[in-house]
There are 2 protein chains.
Amino acid sequence: MAESNKENTENKILNAAKAIFQSKGMDGSRMQEIADKAGINKALLHYYYRSKQVLFEAVFSNAFSLIAPQLNKILDSDLDLFDKIRGFAKNYISFISKHPYLPNFVINELHRNPGFILKLKEKKEFPNFEKFTNQINEYVEKGLIRPIAPEQLFLNLISLNLFPIVGSPLFKLLLNLDDITYKKLIEDRKTEVAEFIIHSIKIK
Amino acid sequence: MAESNKENTENKILNAAKAIFQSKGMDGSRMQEIADKAGINKALLHYYYRSKQVLFEAVFSNAFSLIAPQLNKILDSDLDLFDKIRGFAKNYISFISKHPYLPNFVINELHRNPGFILKLKEKKEFPNFEKFTNQINEYVEKGLIRPIAPEQLFLNLISLNLFPIVGSPLFKLLLNLDDITYKKLIEDRKTEVAEFIIHSIKIK
DNA sequence: GTCTATAGCCAGATAGAC
DNA sequence: GTCTATCTGGCTATAGAC
């Protein structure tokens, strides 16, 4: 029970740590709780990861590395701009609905520990905006869309897709909606958001 | 040095607690740090607020009660819909730029402690959507804007305005922009966002 | 590799003098 | 009201047996 079990335990730890850290953050998480969730004890947790900090960084780094490829998959594709926007809304909302803590987790921890920013800048892959930027400028020149800064369009695209999910507890409260009604609202956005953006930029 | 100083100390405590809690959250904040920032010691802090939890709830409740009136001020005004959207973008981005931690703080703590949701539902004032909803439906009927669910327009309005500020560390990293360039991008949004929305819904 | 037991520290809370 | 000193509990981390 050596090698294969080691893999097994390590995976159990990472999954447990991911669940706990992503929902409670670094400060709100307890090593004991992670150990319990992984079905082991604290000492073994420290045997695999010397410290809470090290374990946390493994989880954070992993979480962050999910984001960029997911963005690239669409931004960097060969689709027509309007289909790209439609595909992004449809896929990204599904993706984030499955990992609803991810964006807030990353934002919080980047803020809590700005040191991460430098670390990430060194090693990680970032989304490649060149194709997306070129495409937008090209569409503007051809008179297919009205002039807009690619960065602004990107901010709009992400904000419209992510924030209603990230901020769902707040929105539910403000709009006074129950879970089911709100979920339906989000489901509708898989098409709504794309149409909203396309209506805004497309020249008829 | 009784009454007047009590007010004074209590204010110093609340301001210090607000600053610490809103940037570090409940779990990441230390009573010692709040005491230091208020220029007093821990014992006095506990004299005014029996426990960390009580102090935190005072700060949270106060933070939340800033949000609704700020929304109402515009949603519930007598402005033309398009001016309302323009006014919202201009004012709300300024407001949030001054309190950048507020939305995330509220979202995180609502998630961390869902008990707050019930408490808030009991006592707090919420934004009044009736006027806004009626106005949208009226504009749709008159053929001034294309059909859109008022809730979706609300989500779009808030998301476009808030998320680029809430998620600034993430966006700076993804777009690889320095603080000054990003700040300029946000500044531009005070007019960009409104035009983006109006282009999307207005029938020419 | 995995466990039990415990060291050592840190933070919230209180006692009690002034 | 405000302070110094201290209690108490909980949490990270390690020692050491199996």
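1. Helices here are DSSP runs of H or I with at least four residues, numbered from the N terminus. In this predicted model, local features need pLDDT of at least 70 and side-chain atom pairs count only at pLDDT 80 or more, whereas totals for chains, interfaces and linings use all residues. Residues are numbered from 1 along each chain as its sequence is written, chains are lettered from A in the order in which they are written, and side-chain values use heavy atoms, with hydrogens and water left out.

2. B:Q135 sits in helix α8 (residues 130-141) of chain B, and its relative accessibility of 11% makes it buried (under 20% relative accessible area, 1.4 Å probe, protein chains only). Beyond its neighbours within four places in sequence, B:Q135 is in contact with B:L79, B:D80, B:L81 and B:K84, contact being heavy atoms within 4.5 Å.

3. A turn of 180 degrees with a shift of 0.0 Å along the axis lays chain A on chain B with an RMSD of 0.1 Å, which is the relation of a two-fold axis; the superposition is by least squares on C-alpha atoms of residues with pLDDT of at least 70 in both copies. The residue of chain A that comes closest to the rotation axis is A:S200, at 1.8 Å (C-alpha).

4. The contact takes 54 residues from chain A and 54 residues from chain B, and because 100% of the interface residues of chain A are also interface residues in chain B, the copies meet through the same surface.

5. About 5000 Å² is buried between chain A and chain B, with carbon and sulfur atoms giving 73%; this is the accessible area (1.4 Å probe) lost on putting the two parts together, summed over both.

How values were computed: Helix = DSSP H or I, 4+ residues; strand = E, 2+ residues; numbered from the N terminus. Buried < 20%, exposed > 50% of the residue type's maximum accessible area, 1.4 Å probe, protein only.
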